[in-house]
Amino acid sequence: MIDLILSALKAQGIAAYVINEHTRESAERFFIRQREDIRRAKHVREVEITVYRDFESDGKAMRGSSTVKLQPSMTEEEIARKLAGAYESALYVKNPFFELPDPVCETLAPEGPLAAMTLDDAADAMAEALFAPDRMDDAFINSAEIFATRQDTRTITSRGTDVRYSAFRVKGEFVVQCVRPTDVEMYHSFEYAAPDTLALSDLSLDALTTVRDRALADAAPEAGAYDVILTKKHVCTLLSAYVDKAAADMVYAKYSPYAVGTHAQGDAVTGEALNLSVFPDAPFSSDGIRMTERPLLENGVVKGIYGATRFCRYLNLEPSGVYENIRVNNGTLSLEELKNRRCLMPVAFSDFQMDSMSGRFGGEIRLAYLFDGEGGVQLVTGGSISGSLLEKQDRLTFSTERYTNSHYDGPAAVLIPGVSVAGC
């Protein structure tokens, strides 16, 4: 199919393009309670092509673009029509001209635990890990879905790039339930770059404990200001603001004030200064840039601006690719030490959100632990938290315990002082 596409591009006179061919295989498991309900396998192939068109507008060089997806079942004529339509559409996208990344030719052999086992074996191992803690009398997993996937990608560009690699994922979702003293359900999802059975068992046990505690909680916290401890995936959501603000498109559009050397947490940090790096989902970006782990913040100071080729070119930066995953090397106190004060630790929200540009964060509390600083703890539900990372980022304290999933590797908890809590 690639040869047909290349011939069609040449026939259409399309000189600049990026082709991404994806072949996806998956082993899928669906459960009701601990009973496997459906076992399914998929094999999908598609090709995504971005075509570029160079023209002038008001005397300025432009490079418009348009992206289409092609299926293996398409005929040569259908492919030609799709590409012709995309090339015509690109004429109406008036982006200033930019050059595509320099050429790279490389084929990477599959590696890692998933490369050495079948997708079926990976899915079965993760299913066993998920249900291993499901032995409680009053809380259980009532449904689950598990997907072990392999995606083989080939990227070809008009500048001569031709790279091939494989990426593996094990992901899924499950619902836990407790029926006494009140009937409560809670949803959880997971994603790992390898079949991390220990991490999934820990998540499952934590979810079962959380839903049991939620069923017991019957009061909202008193309204007021609290030191708040965010944990695990909510720490990742909070810190993702720094990645968003260091993105080249945000900097170019002046939505973000970041530049190399910016003191991201302010000039007078009394808490922990952030040491944060970004790491990729795949070895190459969608336009063939080699992706590696890169420093983002060092002692709270911005060390790099990263992003898509177009915006990096506009900022006179070397294209680096888009990053969403973060690694954080911070942590000074254990979680027990963080809890040794009057504080609120929400562990489940209806929807915890972070607005990267304004710095506002918040969410409605489904379950939180209220510590009185003297060894007492109360289960609470209801109310909400809200705060500004911009106002608190100079006084953050992180746990020495760590938490890892496919998008985050860093402290398992962060203490934020003086957060507003709406309650009873």
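In the predicted model, R402 has P411 in strand β20 as its bridge partner. T404 is likewise bridged to β20, where its partner is D409. Strand β19 covers residues 402-405 and strand β20 residues 408-411; the two run antiparallel and are joined by four bridges. Two residues lie between β19 and β20, and the strands form a hairpin.

The two faces of β19 differ in their surroundings: Y403 and N405 make up the covered face, whereas R402 and T404 make up the uncovered one. In a regular strand, side chains alternate between the two faces of the sheet.

The hairpin belongs to an open sheet of six strands with mixed pairing, in the order β11-β10-β9-β12-β20-β19. β19 and β11 (301-302) are the edge strands, each pairing on one side only. Strands of a sheet pair through backbone hydrogen bonds, either parallel or antiparallel.

Helix α5 lies across β9 (276-279), β10 (294-298), β12 (325-328), β19 and β20. Relative to β12, α5 runs at about 105°.

The largest nonpolar core contains 55 residues, of which L230, L239, Y242, L344, F361 and I385 touch the most other members. Helix α5 (residues 233-245) gives the most to this core, contributing seven residues. Apart from neighbours within four places in sequence, L239 is in contact with L274, L276, I326, V328, F398 and Y408. A second core, separate from the largest one, has 41 residues, including A148, V176, Y192 and A217.

How values were computed:
Residues numbered from 1 in each chain as written. Predicted model: local features only at pLDDT ≥ 70, side-chain atom pairs only at ≥ 80, totals over all residues. Heavy atoms only, no water. Buried < 20%, exposed > 50% of the residue type's maximum accessible area, 1.4 Å probe, protein only. Pairing = 2+ DSSP bridges. Core = buried A, V, L, I, M, F, W, Y, C linked by side-chain atoms within 4.5 Å. Contact = heavy atoms within 4.5 Å. Axes fitted to C-alpha atoms, helices over the stretch in contact; angles between N-to-C directions.
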